[in-house]
Amino acid sequence: MNDKNTNIKTLADTGNPYELFLDHAEEFVFAEDKPEKADIIFVPGNGYPQMAEHAALLYREGYAPYVLPSGRYSIVTGEFSGVLAQQDKYSGEYHTEFEFLKDVLMKNGVPEHAILKEDQSTFTYENAKLSRKVTDAAGLTVKTAILCCKSYHARRSLMYYQLSFPEARFYVCPSFPDGISRSNWKETLEGRNAVTGEISRIITQFPLML
């Protein structure tokens, strides 16, 4: 992944230290790449269909031969919290995030034989760590991978998957299921809390996984 960006502002550009902080937070949190041919597409566990729909589109376009959705349910709730969007289209009785994401993938043209299974993880680092166990067990060598995640989860998700697949090159292809994007996150308190909260999570959570 290439993080080089020539549009990073300075204090002289903004005149406001807080706005400068937000600009740098944006550059860091919203990791994004153009998709490239890869060995696999990863979809971290969640209750939104958009990330799996995006993964299915990339699969149909020939970017990778396998998709690995991951997730049991949130460690916080202890159960699958339900479908968070397009409930009329995805109305199955899902007990895990994996069951839900697999259904989204299949409804969007990914054949069952191309979908790998990880249904035990309960948080993002486990998504990555247990996905590595799945690919190893399947005999897959992952040199390149596409990561389909939520827009402002991109950096944290990428860091966890990089930790579990240190030899792989990742292409982050995010979706925007709750409407928060790089172009509008500063406009609402919800957006600002989401992005700055990701920085806090990385600072507090990531050292515990090392």
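The lining of the largest pocket in this predicted model is made of 14 nonpolar, 13 polar and five charged residues. The volume of this pocket is about 760 Å³. Of the 32 lining residues, Gly45, Ser74, Glu97, Thr124 and His153 lie closest to the centre. Three elements each give two or more residues to the lining: α5 (124-137), α6 (154-164) and α7 (189-209). Helix α7 gives the most, with five residues. In general, such empty space is found by rolling a probe the size of a water molecule over the atoms.

The strands come next. Strands of a sheet pair through backbone hydrogen bonds, in parallel or antiparallel fashion. Here, four strands form an open sheet in the order β2-β1-β3-β4, and the pairing is parallel. Strands β2 (67-69) and β4 (169-172) stand at the edges. Each has a single partner strand, so one side of each is left without a neighbour in the sheet. On average, neighbouring strands are turned by 25° against each other, direction ignored. Helix α6 packs on this sheet and touches β1 (40-43), β3 and β4. The direction of α6 makes about 160° with that of β4. Strand β3 (residues 144-147) is joined to β4 by four bridges, and the two run parallel. Within this pair, isoleucine 146 stands opposite tyrosine 171 of β4. Helix α6 thus has two roles in this description: α6 packs on the sheet, and α6 also gives residues to the pocket lining.

Helix α3 (residues 50-60) is mostly covered. Eight of its 11 residues are buried. The buried residues are Gln50, Met51, Ala52, Glu53, Ala55, Ala56, Leu58 and Tyr59. They pack against three strands and a helix, namely β1, β2, β3 and α4 (97-107). Just after α3, glycine 62 takes a positive phi of about 85°.

Isoleucine 202 belongs to helix α7, the element that gives the most residues to the pocket lining. Is isoleucine 202 buried or exposed? Its relative accessible area is 10%, so isoleucine 202 is buried, because the cut-off for buried is under 20%. Beyond residues up to four places away in sequence, isoleucine 202 touches Phe28, Arg155, Arg156, Met159 and Pro207. A separation of 33 Å lies between the C-alpha atoms of isoleucine 202 and glutamate 61. Along the chain, these two residues are 141 residues apart.

Key:
Residues numbered from 1 in each chain as written. Predicted model: local features only at pLDDT ≥ 70, side-chain atom pairs only at ≥ 80, totals over all residues. Heavy atoms only, no water. 1 Å grid on protein atoms, 1.4 Å probe; cavity = no way out; pocket = protein on both sides within 12 Å on 5 of 7 lines; lining within 4 Å. Points joined across faces, edges and corners; volume = space filled by probe spheres on them. Nonpolar A, V, L, I, M, F, W, Y, C, P; charged D, E, K, R; others polar. Pairing = 2+ DSSP bridges. Axes fitted to C-alpha atoms, helices over the stretch in contact; angles between N-to-C directions. Contact = heavy atoms within 4.5 Å. Buried < 20%, exposed > 50% of the residue type's maximum accessible area, 1.4 Å probe, protein only.
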